[in-house]
Amino acid sequence: MGDSGRGRRYLPVAAKAHEIPNQPPSIPDDILEKLVSLVTIEEAPFLLHLPKIQVEWLPNGADRLGNTHFESPPHELEFRRKKRLPPGPTKIGLHPILWKDEALYRHTLAHELLHAAGLISHDTRHSELVDAIAPSPKLVESAVLREIREQALAQQEVQSWTCKNCTFTWERTTIRTPSRCPKCARPFK
């Protein structure tokens, strides 16, 4: 999905799962319990319909970790949100690469369940709820996140930076442009 409210940019997932699970993904009870305890019907009008959500694996070549698909067109979905009517058939798709990374699986599923509950926007409230329900794993804790980062770095045009102050050159290891030189600590321009 697009921007997350915390300034993150959507990066396509190019990673492929080495194994495709034989069983469909499931929704852990504790995630549903936390979600129900943290949101109200006013902000999540489809909350009561979450048990009817179908969760499935996306194709192995999918370009995102998860998505929520409402079969209703957007104008009808907005009408149903306002009137607190059932959303109609809704599916959550999860990338099969998540199968081996429980923390990232739970985080992605919580994100998509909030969308399915009716919190469509990627705003600060959405981010706070996802973090409260199932925090994202740190980069060092997730082989999947490290693999995605490596692929994103390989796609960047700039592969290294040179400081104009001290002429120190270093290889790119982050998506963001650095704010300071790692050698002289002066602001990087």
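# Group meeting talk: two cores and a set of strands

Okay, let's start with one residue, C181: leaving out residues up to four places away in sequence, C181 touches C163, C166, F168, W170, R186 and F188. Keep in mind that what we're looking at is a predicted model.

So where does C181 sit along the chain? It's in the segment after β5, the strand at residues 169–171. And is C181 buried or exposed? It counts as buried, because its relative accessibility is 3%, and the cut-off for buried is under 20%. Here's a distance to try on the screen: pick C181 and E150, which are 31 residues apart in sequence, and you'll get 22 Å between their C-alpha atoms.

While we're in that segment after β5, have a look at A185, which is found there as well. A185 isn't a glycine, yet its phi is positive, about 65 degrees. For first-years, the background is that most residues other than glycine have a negative phi. With a relative accessible area of 43%, A185 is partly exposed. There's another case in the loop between α2 (74–83) and β3, and that's R84. Its phi is near 55 degrees, again a positive value in a residue other than glycine. R84 counts as partly exposed, because its relative accessibility is 43%.

Now let's zoom out. How many helices and strands does the protein chain have? It has 5 helices and 5 strands. If you walk along the sequence, the order is α-β-β-α-β-α-α-α-β-β. The C-alpha trace spans about 60 × 35 × 30 Å along its principal axes. The chain has 189 residues, and 38% of them are buried. If you take the contacts with a separation of 6 or more, 62% are between residues 24 or more positions apart.

A quick word on the surface. The chain exposes about 11200 Å², with 52% of that supplied by carbon and sulfur atoms. As for charge, there are 26 positive and 23 negative side chains, and the centres of these two sets lie 8 Å apart.

On to the inside. In soluble globular proteins, nonpolar side chains tend to be buried together. Here the largest nonpolar core has 30 residues, and the ones touching the most other members are L35, V39, L50, I92, L94 and L114. Which elements give two or more residues to this core? They are α1 (29–38), β1 (54–57), β3 (90–94), α3 (102–117), α4 (124–133) and α5 (143–155). The largest share comes from α3, with 8 residues.

Let's pick V39 out of that core. Setting aside neighbours within four places in sequence, V39 is in contact with A44, L47, L114, L119, R125 and L129. Apart from this core lies another one, of 5 residues, and among them are W161, C163, C181 and F188. So that's our opening residue again, C181, with C163 and F188 in its contact list.

Back to helix α3 for a moment, because I want to show you L109, which is found there. L109 is buried, with a relative accessible area of 0%. Which residues does it touch, beyond its neighbours within four places? S26, I27, P28, I31, I92 and L94. Also, L109 and V55 are 54 residues apart along the chain, but their C-alpha atoms are separated by 9.2 Å.

Last topic: the strands. Start with β2, residues 66–70, where the side chains alternate. G66, T68 and F70 point to one face and are buried, whereas N67 and H69 point to the other face and are not. β2 pairs with β3 in the antiparallel sense, over 5 bridges. β3 also pairs with β1, this time in the parallel sense, over 4 bridges. A nice residue to click on is G93 in β3: it's the bridge partner of N67, and E56 stands opposite it as well.

And why is β3 described as largely enclosed by the rest of the structure? Because 4 of its 5 residues are buried.

That's my tour. Have the structure open, find C181 in the segment after β5, and then find L109 in α3. Thanks, everyone!

Key: Residues numbered from 1 in each chain as written. Predicted model: local features only at pLDDT ≥ 70, side-chain atom pairs only at ≥ 80, totals over all residues. Heavy atoms only, no water. Buried < 20%, exposed > 50% of the residue type's maximum accessible area, 1.4 Å probe, protein only. Contact = heavy atoms within 4.5 Å. Areas by Shrake-Rupley, 256 points an atom, 1.4 Å probe, with all protein chains shown as cover. Lys, Arg positive; Asp, Glu negative; His and termini not counted. Charge placed at Lys NZ, Arg CZ, Asp CG, Glu CD. Core = buried A, V, L, I, M, F, W, Y, C linked by side-chain atoms within 4.5 Å. Pairing = 2+ DSSP bridges.
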